[in-house]
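Please open the model in your viewer and keep the sequence panel visible. The tour below proceeds stop by stop, stating what to select and what is found there.

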Amino acid sequence: MGENFQAPSPAQAPSPEPQQKPTPQNATLLQAFEWYIPPDHAHFTRLSSQVPQLAQHGISSLWIPPSCKATSPQSNGYDIYDLYDLGEFDQKGSTATKWGTKAQLLELAHKGKEHGVGLYWDAVLNHRFGADHREKCKAVEVDANDRRVRISGEYEIDAWVGFDFPGRGDQHSKLKYHWYHFSGVDFDANDPAKAGTIYQIIGEQSQGWAKSPEDVDGEKGNYDYLMGCDLDYSHPEVEEDVLNWGRWLVKEVPIKGIRFDAVKHFSEGFLRKFVRMLDGEFGEGWFLVGEFWKDSLKSMTDYLDRMDHKFSLFDAPLVYNFGEISTSVSADLRRVFDDTLVQKAPVCAVTLVQNHDTQPLQALAVPITPWFLPLGYALILLREAGYPCVFYGDLYGLCTPTPDKPSPTTPTSGPVAILPKLLLARKLYAYGPQTDYFDYATCIGWVRHGTWDRKDKCAVVMSNAAEGWKSMFVGMECAGQRWTDVLGWREEVVTVGGDGWAEFRCGSCSVSVWAWEGAKGRDEFQTEFDFDIYGSKSEGT
């Protein structure tokens, strides 16, 4: 499409030298859950059965769902009740969490270790739900849109803030939580009609909200309070108990990293202590990522600065760009990375197309039209920058409720059927220097040139309009090679010219990934991926 783009001469893969280190396989993260997975306590068992196949397709780590005991056996875990119950004690209606028992969790960890797949924990440290009893305490009402503003005088409320953990008792931790361990709630049993009102707890042992914007986000004046019983990390017992939980967790479950939920809403100072504790007592090398969901790039980079860049963040602006491009007619693909974290701070960016918060029916849902999903995944999986996170719902389908199936036990929308081949393309061919051909609004391309020990290359071309083509330089050493589309969407064979250039095509609103016919691993693309994790045949889209 358009004139040949005369790109700068791409960097060539360096010649092998004895001191050069082997190029590691690309790391790829799978968010290993979606919001509407059936609450049958069998998720960890299903995941364990999939680990060999996932490893074969290049998945190196699983971000597992919140696995601490929540308020009910059906809960996804973000309404956390007890940090120290991983599906071990009979509390809140069952021993197992929604996802399974502690024994099943440990079996998943064992299976992952066996196949070189690590686990990332989803840590919900901001709040608690499901208190065991009420306690009276002093509080003031605050403005929901500016939590710094009090809209009542002090008075006594009857709040659900007493946590005794009767099923667990004193095992793993002896601390019981009381009103003075929290900074705010949103329910007063004396006045149920005012449910949803935000109450700031007042008392000698309660320090109020964390400071904003020094310690929590400045949105809504002070965004310390999010939901439930808001933990007060200025209280030494809270800080000590949660730090001890971190020590206990990494000894109990062989995790490789942690995803911290709602980091905008709890103390950055405490989180820095938590990170220093992990590094100091268990060695460095943890992968740590925060859920800091904002479309403000400056807010994200400022947060990374305050966390000394020991953290990564999910690239929310990129997801919004994907949504805008996919729902617009002939949008400018050349601007897909504008104002994104992967553009500004690629080492700290976890790139994604969608997740459990942006999937359909969720509060942060970002509509992305189905035809764009393969393009979005090519943009995060096959480029040099960012750490890509694949969404479980795109790999195995979404069990989204429908009027006909309000509680589905199998997917109601199919997986992105081409995704396994894109994963293989990342595992096999997305290495080395990158040359971009972003010269036409509705058709872009790039080439990955390989490394000294992973020499096989790939050429990617995509269009969000009519059929597209790009003339791209793949290297003089490739002259005469026959290249084909590993996705199987284009049937023609492209022969690289004597000058190292070739013309690569893709279909309308589509993407193609081209590689040499003789490249290592081409036979792996013939393997059928088993999408049927639930044991009932569901078709891809």
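**Cysteines**

Select Cys443 to begin: this residue is buried, because its relative accessible area is 0% (buried means under 20% relative accessible area, exposed over 50% and partly exposed in between, with a 1.4 Å probe and protein chains only). The model is a predicted one, in which local features need pLDDT of at least 70 and side-chain atom pairs count only at pLDDT 80 or more, whereas totals for chains, interfaces and linings use all residues. Residues are numbered from 1 along each chain as its sequence is written, and side-chain values use heavy atoms, with hydrogens and water left out.

Now display the cysteine sulfur atoms. A search of the whole structure returns zero disulfides, a disulfide being a pair of cysteine sulfur atoms within 2.5 Å. Cys399 is in no disulfide, and its nearest cysteine sulfur, that of Cys389, is 18 Å away. Cys399 counts as buried because its relative accessibility is 0%. For Cys443, likewise in no disulfide, the nearest cysteine sulfur belongs to Cys506, at 4.9 Å.

**Strand 20 and its partners**

Select residues 458-463, which form strand 20; six of its six residues are buried. Helices (H or I, at least four residues) and strands (E, at least two) are DSSP runs, numbered from the N terminus. In a regular strand the side chains alternate between the two faces of the sheet. Here Cys458, Val460 and Met462 point one way, while Ala459, Val461 and Ser463 point the other way.

Add residues 443-448, which are strand 19: this strand pairs with strand 20 in the antiparallel sense over six bridges. Two strands pair if DSSP finds at least two bridges between them. Arg448 stands opposite Cys458 of strand 20. Next add strand 25 (residues 510-516), which runs antiparallel to strand 20 and is joined to it by five bridges. In strand 25, Ser510 is the bridge partner of Ser463.

What does the side chain of Ser463 reach? Its target is the backbone oxygen of Ala466, at 2.6 Å; a polar contact is a pair of N or O atoms within 3.5 Å, where within protein one must be able to donate a hydrogen and the other to accept it, and residues adjacent in sequence count only if both atoms are side-chain atoms. Leaving aside neighbours within four places in sequence, Ser463 is in contact with residues including Leu333, Trp371, Cys443, Cys506 and Cys509 (contact means heavy atoms within 4.5 Å).

Of these, select Cys509, in the loop between strand 24 (501-506) and strand 25. Cys509 has a positive phi of about 50° although it is not a glycine.

**The barrel**

Color strands 1-2-5-13-14-15-16-17: in that order, these eight strands close into a barrel with parallel pairing. Neighbouring strands of this sheet are turned by 25° against each other on average, direction ignored; axes are lines fitted to C-alpha atoms, for helices over the stretch in contact, and angles run from 0 to 180 degrees between N-to-C directions. Helix 8 (residues 373-381) packs on the sheet and touches strand 16 (349-352) and strand 17 (387-391). The direction of helix 8 makes about 150° with that of strand 17.

**Helix 4**

Select residues 268-282. The end C-alpha atoms of helix 4 are 21 Å apart, which agrees with the 21 Å that its 15 residues should span at 1.5 Å a residue; the expected span is 1.5 Å times one less than the number of residues. Its buried residues include Phe270, Leu271, Phe274 and Leu278. The buried residues pack against helix 3 (236-252), strand 13 (257-260), strand 14 (287-290) and helix 5 (297-306).

At the N-terminal end, Ser267 caps helix 4 with a side-chain oxygen 3.2 Å from the backbone nitrogen of Gly269. Just after the helix, Gly283 takes a positive phi of about 90°.

**Asp82**

Finish at Asp82, in strand 4 (residues 80-82). Is Asp82 buried or exposed? Asp82 is buried, because its relative accessible area is 1%. The side chains of Asp82 and Arg168 are joined by a polar contact of 2.7 Å. A polar atom of the Asp82 side chain also lies 2.9 Å from the backbone nitrogen of Tyr84.
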